Amino acid sequence: MRPLINELFFACCVLLFLSFFSYAQNDEYKSDRVAMVKLQIENRGIHDKSTLDAMIKVPRHKFVPSNLKSRAYEDGPLPIGYGQTISQPYIVAYMTEAIDPKPDYKVLEIGTGSGYQAAVLAEIVKEVYTIEIIPELYKQAKERLKKLGYKNVFCKNADGYYGWKEHAPYDAIIVTAAAEYIPPPLIEQLKDGGKMIIPVGSPYLNQNLVLVEKKNGEITTTSLLPVLFVPFKRAD
Ligand code: SAH
């Protein structure tokens, strides 16, 4: 009887060790993430608590190609393949705060890319609808978001110029590719009282993040920040 108890004890120790090890592994980048939020985001003036909490929660290293994992918390964009990028963390936080996200919001994102911005939004709002034009990126992001347990993100492979009419109107819209002008269907699908943030300008030059507000049917636009985004593509 005695050896069996010893064996059981040993097995329990191994299990405990393994579960502790996998917990530590899971949270391997937590301190990098906390530092990213403090130094790159809070210190530059982002104060919305829900945005800061979401950026601390979402594991950015799971949204970049595996060879770039160790660079996931750097202060800049990173390539995600197909000529596209995951935006700089500060810009993701800036755009999230700019739409003033609330728990009961339904948000439309154009340009799913890695799915990172969608995940940050999904931590705060009720539903996120996100559209990606490149089929491979759409598939990867959809899988990734499912694996990470995001049940309130809905993905679509299409040209986001036309928005996603079935679920309109949206409390807020985030566009993460630079358009030469604001697509009229997106303005139409924005709820009255809602906000849209969109980089507007020429491909690779002179772009500004523009805040679009709809009040009593009237549209106002405010230029907020010079930026550099990948171009808004159009389906052939
Ligand atoms: N939000 C992304 C960043 C994506 S970069 C992230 O968090 O990772 C911009 C993305 O917009 C690219 O993946 C690009 O393919 C996509 N895109 C460009 N034009 C588009 C369009 N008309 N409709 C939908 N997606 C578009």
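Helices, such as α4, are DSSP runs of H or I with at least four residues, numbered from the N terminus. The model described here is predicted. This briefing covers one helix, the salt bridges and the aromatic rings.

**Helix α4 and the residue after it**
- Helix α4 spans residues 89–98, and nine of its ten residues are buried.
- Among the buried residues of α4 are Pro89, Tyr90, Tyr94 and Ala98.
- Asp100, just after α4, adopts a positive phi of about 55°.
- The side chain of Asp100 also forms a salt bridge with that of Lys102, at 3.1 Å from N to O.
- Asp100 is partly exposed, with a relative accessible area of 33%, and Lys102 is likewise partly exposed at 33%.

**Salt bridges**
- The whole structure contains eight salt bridges.
- Arg234 and Asp159 are joined by one of 2.9 Å, N to O.
- This pair connects distant parts of the chain, 75 residues apart: Arg234 lies in the segment after β9 (218–227), and Asp159 in the loop between β5 (153–157) and β6 (170–175).
- Asp159 is buried, with a relative accessible area of 9%, whereas Arg234 is partly exposed at 38%.
- Glu74 and Arg71 also meet through their side chains, at 3.1 Å from N to O.
- Glu74 is partly exposed at 36% relative accessibility, and Arg71 is partly exposed at 38%.

**Aromatic rings and charges over them**
- The count of aromatic pairs is eight.
- Ring pairs connect Tyr129, Phe154, Trp164 and Tyr170 into a cluster.
- Lys106 sits over the face of Tyr170, 5.9 Å from the ring centre.
- Arg234 sits over the face of Tyr161, 3.8 Å from the ring centre.

Conventions
Residues numbered from 1 in each chain as written. Predicted model: local features only at pLDDT ≥ 70, side-chain atom pairs only at ≥ 80, totals over all residues. Heavy atoms only, no water. Phe/Tyr/Trp six-rings, centres within 6.5 Å; stacked < 30°, edge-to-face > 60°. Lys NZ or Arg CZ within 6 Å of the ring centre and 35° of its normal. Buried < 20%, exposed > 50% of the residue type's maximum accessible area, 1.4 Å probe, protein only. Helix = DSSP H or I, 4+ residues; strand = E, 2+ residues; numbered from the N terminus. Salt bridge = Lys/Arg side-chain N within 4 Å of Asp/Glu carboxyl O.
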